[in-house]
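Trainee: I would like a close look at one part of this protein, the aromatic pairs. Please take me through them step by step.

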Amino acid sequence: MTYFKRYTSFLASIVLLFSCYNTGCGKKESGTQSTTQHSTSIKFEGEAPSVHKKSMADEEIERNKKLLESNPNDAKIHYHLGLLYDEKAMFDESLAAYKKASELNPSMIEALVGQGTILNKRGKSDEAVSVFKKAIDINPHYAEAYEGLGLVYIHKKQEEDATQAFRKAIDINPGLVNSRYNLGILYAKKAQFNEAIAEWTKALEINPQKTEIYYNLGIAYTKINKFDDAISVWQKALTVRPDMANFHYNIGLAYKEKGDFDKAEVSLKKTLEVDPVFIDVHKVLEEVYRSKGMLGDADREAELYKSKSSPHH
């Protein structure tokens, strides 16, 4: 996964974070950085599984193994084991379980999609493409197979093919949030911001809890100089996650860009309430105060920024 960098002027970028929920992503691309760094303070695809959740998965694995003792040829049990192993990042075991399910029931599309997912996670893109295409040959109306295929094409840097795959997935199932999200990313990379906005807006109508979509949607609006729309989107995001300092910060930047320095100051101060060590806020506040003629306050923020950004701080 990639991350977004904090800027002291309004130069924020689209988060090129492809959503891998359900279908999974491949191995980490070179040059990418994790969203767990403090410079983002966001882990977009949910928190790490809790110990309780892990123990529940372990219990389910054991339960399904016992079921197999009396039903060794039940493809559904093998498939469920594949899901559980995948959840625990036991990819070899997951792939073996999915393959066994397919062996017992060659027409089980879910098992093929599971195989493609694991192969993609293990960086075996060509094999994953073959499996997803096999699933599509069996059932050309299975949307998740196209969604998985789209993710593989992203990792192969075949973005036009990925775009077509996500479009096909959406044509079959308009409610696939992750396909819409990923399609929006592909549009944004080509500076097709109106198209990206349309996909992300629809995605949020379907699932208004995905904070990374709000972030990107707001940035896309700024790219076409619709700062009021960007502010509105980020304010909605704060009703979902009021603890997200990044949205307060972006709202402050947008108000600053509009020349509304009073509202910019309020949002930037709120950022520091949520995240007191968000250092870049002090630099932006300095600029806001200088624009307002509050030179003493500007000097104070400049000193705070200097001291807190010092490597010895």
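Mentor: Start with a term: a residue counts as buried when its relative accessible area is under 20%, and as exposed when that value is over 50%. F278 has a relative accessibility of 0%, so F278 is buried. Keep in mind that this is a predicted model.

Now the pairs themselves. A pair of aromatic rings is described by the distance of the centres and the angle of the planes. A search of the whole structure finds three aromatic pairs, and two of them are enough for this look.

In one pair, the ring centres of Y79 and Y98 are 5.7 Å apart, and because their planes stand at 45°, the pair is tilted. Planes under 30 degrees apart would count as stacked and those over 60 as edge-to-face, so an angle in between gives the name tilted. Y79 belongs to helix α2 (residues 75-87) and Y98 to helix α3 (residues 91-104), so the pair ties together parts that are 19 residues apart in sequence. Both rings belong to buried residues: Y79 has a relative accessible area of 17%, and Y98 has a relative accessibility of 1%.

The pair that includes F278 has Y249 as its partner; here the ring centres are 4.7 Å apart and the planes are at 40°, so this pair is tilted too. Y249 sits in helix α12 (residues 245-258), whereas F278 sits in the loop between α13 (261-274) and α14 (280-291), so this pair ties together parts that are 29 residues apart in sequence. Y249 is buried as well, at 2% relative accessibility.

Go back to Y98 for its surroundings. Y98 is among the residues that Q115 touches, together with L95, K99, S102 and V131, leaving aside residues up to four places away in sequence. Q115 lies in helix α4 (residues 109-121) and is buried, with a relative accessible area of 8%. The side chain of Q115 also makes a polar contact of 2.7 Å with the side chain of S102.

Last, the setting. The protein has 15 helices and zero strands. Of its 313 residues, 47% count as buried. Among contacts between residues at least 6 apart in sequence, 55% join residues at least 24 apart. The protein exposes about 15300 Å², and carbon and sulfur atoms supply 50% of that area.

Notes
Residues are numbered from 1 along each chain as its sequence is written. This is a predicted model: local features need pLDDT of at least 70, side-chain atom pairs count only at pLDDT 80 or more; totals for chains, interfaces and linings use all residues. Side-chain values use heavy atoms; hydrogens and water are left out. Helices (H or I, at least four residues) and strands (E, at least two) are DSSP runs, numbered from the N terminus. Buried means under 20% relative accessible area, exposed over 50%, partly exposed in between (1.4 Å probe, protein chains only). A polar contact is a pair of N or O atoms within 3.5 Å; within protein, one must be able to donate a hydrogen and the other to accept it, and residues adjacent in sequence count only if both atoms are side-chain atoms. Contact means heavy atoms within 4.5 Å. Rings of Phe, Tyr and Trp (its six-membered ring) pair if their centres lie within 6.5 Å; planes under 30 degrees apart count as stacked, over 60 as edge-to-face and the rest as tilted. Accessible areas come from the Shrake-Rupley method with a 1.4 Å probe; for residues, only the protein chains shown count as cover.
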